[in-house]
Amino acid sequence: MRTPVFAFALVVAASAVSSQNAASQQPSGSIPQEDSSYVDAQGTAYVTRIVPLPTTVSPQAQKYLTKPVPHAGPDATVAENRASTDAMQTRDSAGNLALYPVHIAQGTIAGIPVRIVTPVDPIPAAKSDRVLICLHGGGFTTDSGSLTESIPIAHLTRTKVISVLYRLAPESPFPAAVDDSVAVYKELLRTYKPEHMAIYGASAGGILTAEVAVKIKQLGLPMPGALGIFTGSGDFSKSGDSSSI
């Protein structure tokens, strides 16, 4: 029996205005209007899924989500995916800096490369002894957020953010990312009180934040004052649209 080969089409359904914008970018009649699936004679399954735009996000976020996102493709190499992700972060970071001016410096902490992001506006005295540790997203294989997930935070909170450039898979599989992040945290404990530190991350970074918190506890180190886990898969009994299509 031949194993089916799956081909997917994912469509984000937007508001009336956004739908018109999307329609202007595609040939007439090519935009799917409903979920569908079929298997051809060669055993290839074709699945189309319509994913509505979330109504809980701002109009600006809805508009952003309707923009075409270049992707290296399902057969891309790790190097191609990293190049595509780096280009995306460079483009998005430029837009972030226009709205949220910060200073960005490269450095190392405990031998681990980091990005140190500080607000242009003076840090208030009450926050001078505080630090946020950003564990970026990117599926553990790319860096999709060491800047985009730290620039707005540093500016809006007027707090120093340290983005950990942890080792990536597949060259450095688990627990390399955990070890690197914990090493940075341990070193920062020399300068900052744990209750004045927070660790946060989104997507893979959200998962990594939870893993790092567990490792910190296992090592008997003082826990940080706060954890921020965003869009991470904390409950593997449930799945979102991106993993259920």
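**Close-up views of a predicted model**

**View 1. Ala110 in the loop between strands E4 and E5 of the predicted model.** Ala110 is partly exposed, with a relative accessible area of 44%. The residue belongs to the loop that links E4 to E5. Although Ala110 is not a glycine, its phi is positive, at about 55 degrees.

**View 2. Arg158 in the loop between helix H4 and strand E7.** Helix H4 covers residues 151–157, and Arg158 is found in the loop between this helix and E7. Phi of Arg158 is near 55 degrees, a positive value in a residue other than glycine. With a relative accessible area of 33%, Arg158 is partly exposed.

**View 3. The open sheet of six strands.** The strands follow the order E4-E5-E7-E6-E8-E9, and their pairing is mixed. Strand E4 (102–109) and E9 form the edges, each pairing on one side only. On average, and with direction ignored, neighbouring strands of this sheet are turned by 20 degrees against each other. Within the sheet, E6 and E8 pair in the parallel sense over five bridges. Cys134 has Tyr200 in E8 as its bridge partner. In a regular strand, side chains alternate between the two faces of the sheet.

**View 4. Helix H5 and its packing partners.** The 13 residues of H5 should span 18 Å at 1.5 Å a residue, where the expected span takes one less than the number of residues. The end C-alpha atoms of H5 are 19 Å apart, which agrees with that expectation. The buried residues of H5 are Ala176, Ala177, Val178, Asp180, Ser181, Val182, Val184, Tyr185 and Leu188. These buried residues pack against strands E4, E5 (112–119), E6, E7 (160–164) and E8, and also against helix H6.

**View 5. Surroundings of Ser181 in helix H5.** Is Ser181 buried or exposed? Its relative accessible area is 3%, and Ser181 is therefore buried, the cut-off for this class being under 20%. Which residues does Ser181 touch, not counting residues up to four places away in sequence? The contacts of Ser181 are Leu135, Val164, Tyr166, Leu208 and Val212. Of these contacts, Leu208 and Val212 are themselves among the buried residues of H6.

**View 6. Helix H6 and the residue that follows it.** Helix H6 comprises 15 residues (204–218), for which a span of 21 Å is expected at 1.5 Å a residue. The end C-alpha atoms of H6 are 21 Å apart, in agreement with this value. Ala204, Gly205, Gly206, Leu208, Thr209, Val212, Ala213 and Ile216 are buried in H6. The cover over these buried residues includes strand E6 (131–135), helix H5 (176–188), strand E8 (197–202) and strand E9 (226–230). After H6 comes Gly220, with a positive phi near 75 degrees.

**View 7. Two cis peptide bonds, Ala169 to Pro170 and Phe174 to Pro175.** The peptide bond that joins Ala169 and Pro170 is cis, and its omega is about 5 degrees. Pro170 has its place in the loop between E7 and H5. The bond from Phe174 to Pro175 is also cis, with omega near 10 degrees. Pro175 is likewise found in the loop between E7 and H5.

**View 8. The hairpin of strands E2 and E3.** Strand E2 (residues 36–39) and strand E3 (residues 44–52) run antiparallel and are joined by four bridges. Ser37 has Val47 of E3 as its bridge partner. Four residues lie between the two strands of the hairpin, where Gly43 takes a positive phi near 90 degrees.

**View 9. The aromatic pair of Tyr38 and Tyr46.** One aromatic pair is present in the structure. The ring centres of Tyr38 and Tyr46 are 5.0 Å apart and the ring planes stand at 20 degrees, so the pair is stacked; planes under 30 degrees apart place a pair in this class. Tyr38 counts as exposed because its relative accessibility is 51%. Tyr46 has a relative accessibility of 32% and therefore counts as partly exposed.

Terms used
Residues numbered from 1 in each chain as written. Predicted model: local features only at pLDDT ≥ 70, side-chain atom pairs only at ≥ 80, totals over all residues. Heavy atoms only, no water. Buried < 20%, exposed > 50% of the residue type's maximum accessible area, 1.4 Å probe, protein only. Contact = heavy atoms within 4.5 Å. Pairing = 2+ DSSP bridges. Phe/Tyr/Trp six-rings, centres within 6.5 Å; stacked < 30°, edge-to-face > 60°. Axes fitted to C-alpha atoms, helices over the stretch in contact; angles between N-to-C directions.
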